[in-house]
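Got your viewer open? Here's a short walk through one structure, with something to select at each stop.

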Amino acid sequence: MTKDNPSPKPKILVARAIFPEALAKLEESFEVRSNQADHVWTPEELKKELASVAGALVTGSERIDAGALSQAAKLKIVANISVGYNNFDIQAITAAGVMATNTPEVLTDTTADFGFALLMATARRVTESEHWLRAGNWLKWSIASNPLGVDVHHTTLGIIGMGRIGQGIAKRALGFDMNVIYYNRSRLSETHEKACQATYVSKEELLRTADHVVLVLPYTAQNHHTIGAKEIALMKPTATLINIARGGIVDDAALAQALKEKRLFAAGLDVFEGEPQVHPELLKLSNVVLAPHIASSTEKTRRAMVDLAIDNLSAALAGKKPPSLINEEVFKG
Ligand code: 8YV
């Protein structure tokens with residue numbers, strides 16, 4: 001490297017639109033190919049885009065698998081702007097010698113807040129009531145002819161998936177004097193259980209006894225349709241079901257059928273099978289609150305997620321260990 005001939009900046013890809021300030025920060029150190037038009041690339045387009053870069057910032061919409069990596073000879077890191085990484089085929093990424101990172105911690109409280117918001121909106125029929133009002137149905141106040149909800153306080157909350165976000169929801173539930181039960185692949189330590197005053201139960205007991213069930217588990221092939229017709233049949237007809245985890249964890253068709261037949265009181269859904277498509281039967285129902293995958297969506301948190309993804313990418317391309325490296329075995333320090 002000489003003053004006249006500095007070493008070229010590494011080429012990186014930003015697969016979706018990000019905040020302009022974040023893009024400007026990246027441009028100081030990298031030659032950036034960005035997609036500020038926010039077009040969702042086809043697998044073929046993504047493969048071509050990855051072919052010439054050393055690092056890539058991606059989101060849950062980009063599937064990174066052997067096909068996507070097949071021409072990516074220079075790629076060192078794929079940095080997900082997301083804590084969930086079911087869009088990553090970790091085995092294929094590791095086999096290609098590429099580091100994979102995600103964005104844990106920075107979105108925990110924001111996502112737990114939203115889980116609780118969705119639970120409250122669902123139990124108390126907030127969106128349905130607003131639609132009812134906007135449709136001109138509110139002609140007089142009355143005891144029971146307006147939408148009646150179910151209580152959240154002093155009820156039993158069942159949390160399936162007790163990672164950081166699940167524990168955050170459990171802690172919020174304490175303020176509502178809820179009895180918190182949970183089911184997780186592995187039981188929490190005594191200290192963690194005490195901190196959120198949560199009792200470990202089997203999945204079946206949770207489904208049978210909870211008044212509100214919140215799903216916060218990662219999507220894996222084993223977790224596909226964790227909640228299907230059989231599981232819904234175990235739940236109380238007065239219960240609510242909240243999914244802030246991933247589409248595919250719930251069988252949306254079975255859920256729509258149960259909601260239609262009032263075998264469940266209501267559901268709150270932030271994620272869907274095949275999103276952004278939503279099962280047409282769900283769209284017809286009033287006892288479901290629908291949100292467009294916004295659990296982490298506050299300005300502060302989305303910026304923090306992008307910043308952490310940039311820190312991960314920058315560390316990897318500087319030969320350092322990224323702060324949230326998933327496949328440690330690829331790092332050669
Ligand atoms: C992301 C999420 O916004 O972090 C996650 O796992 O579900 C959201 O916070 C979404 O995945 C986009 O990448």
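How far is an oxygen atom of the ligand from an N or O atom in the side chain of R246? Select the ligand together with R246 and have a look: the distance is 2.8 Å. Keep in mind as you click around that this is a predicted model.

**Stop 1: around the ligand**

Stay with the ligand and add S82. A polar atom in the side chain of S82 sits 3.0 Å from a ligand oxygen. Next, add G60. Here the partner belongs to the backbone: a polar backbone atom of G60 is 3.1 Å from an oxygen atom of the ligand. How much of the ligand does the protein bury? Taken alone, the ligand exposes 330 Å², and the protein buries 83% of that.

Now bring up the whole shell. Select T59, G60, I81, S82, V83, G84, L107, R246, H293, S296, R302 and M305, which surround the ligand. Try colouring them by class: you should get four nonpolar, six polar and two charged residues.

**Stop 2: a cavity**

Leave the ligand for a moment. How many cavities of 30 Å³ or more does a search of the whole structure find? It finds one. The volume of the largest cavity is about 50 Å³.

To see its walls, select A121, T122, R125, V126, T127, E128, A266, A267, S286, N287, V288 and V289. Switch to cartoon view and pick out α5 (108–123), α6 (126–134), β11 (266–269) and β12 (288–290), each of which gives at least two residues to this lining. Which of the elements supplies the largest share? That's α6, with three residues. Coloured by class, the lining of the largest cavity splits into six nonpolar, four polar and two charged residues.

**Stop 3: a pocket**

Next, select W132, W138, K140, N146 and P147. Among the 13 residues that line the second largest pocket, these lie nearest its centre. The space in that pocket comes to about 210 Å³. Its lining is made up of six nonpolar, five polar and two charged residues.

**Stop 4: two spots in the backbone**

Zoom in on E275 and P276. Is the peptide bond between E275 and P276 cis or trans? The bond is cis, with omega near 10°. You'll find P276 in the loop between β11 and α12 (280–283).

Then jump to D38, in the loop between β2 (31–34) and α2 (43–50). D38 isn't a glycine, yet its phi is positive, at about 65°.

**Stop 5: zoom out to the domains**

Last, try two long selections taken from the UniProt record. For residues 12–327, the unreviewed UniProt entry lists "domain: D-isomer specific 2-hydroxyacid dehydrogenase catalytic". Over that stretch the chain is 37% helix and 15% strand, with its end C-alpha atoms 20 Å apart.

Now select residues 116–295, which the unreviewed entry in UniProt gives as "domain: D-isomer specific 2-hydroxyacid dehydrogenase NAD-binding". How far apart are the end C-alpha atoms of residues 116–295? They lie 10 Å apart, and the span is 34% helix and 16% strand.

Methods:
Residues are numbered from 1 along each chain as its sequence is written. This is a predicted model: local features need pLDDT of at least 70, side-chain atom pairs count only at pLDDT 80 or more; totals for chains, interfaces and linings use all residues. Side-chain values use heavy atoms; hydrogens and water are left out. UniProt positions are given in the numbering used here, feature names are shortened, and annotations may be inferred rather than shown by experiment. Helices (H or I, at least four residues) and strands (E, at least two) are DSSP runs, numbered from the N terminus. A residue is near a molecule or strand if one of its heavy atoms lies within 4 Å of it. A polar contact is a pair of N or O atoms within 3.5 Å; within protein, one must be able to donate a hydrogen and the other to accept it, and residues adjacent in sequence count only if both atoms are side-chain atoms. Accessible areas come from the Shrake-Rupley method with a 1.4 Å probe; for residues, only the protein chains shown count as cover. Ala, Val, Leu, Ile, Met, Phe, Trp, Tyr, Cys and Pro count as nonpolar, Asp, Glu, Lys and Arg as charged, and the others, Gly among them, as polar. On a 1 Å grid over the protein atoms alone, a cavity is a set of points where a 1.4 Å probe fits but cannot get out, and a pocket is an open set with protein on both sides within 12 Å along at least five of seven lines; lining residues have an atom within 4 Å of a point. Grid points are joined across faces, edges and corners, and a volume is the space filled by probe spheres set on the points.
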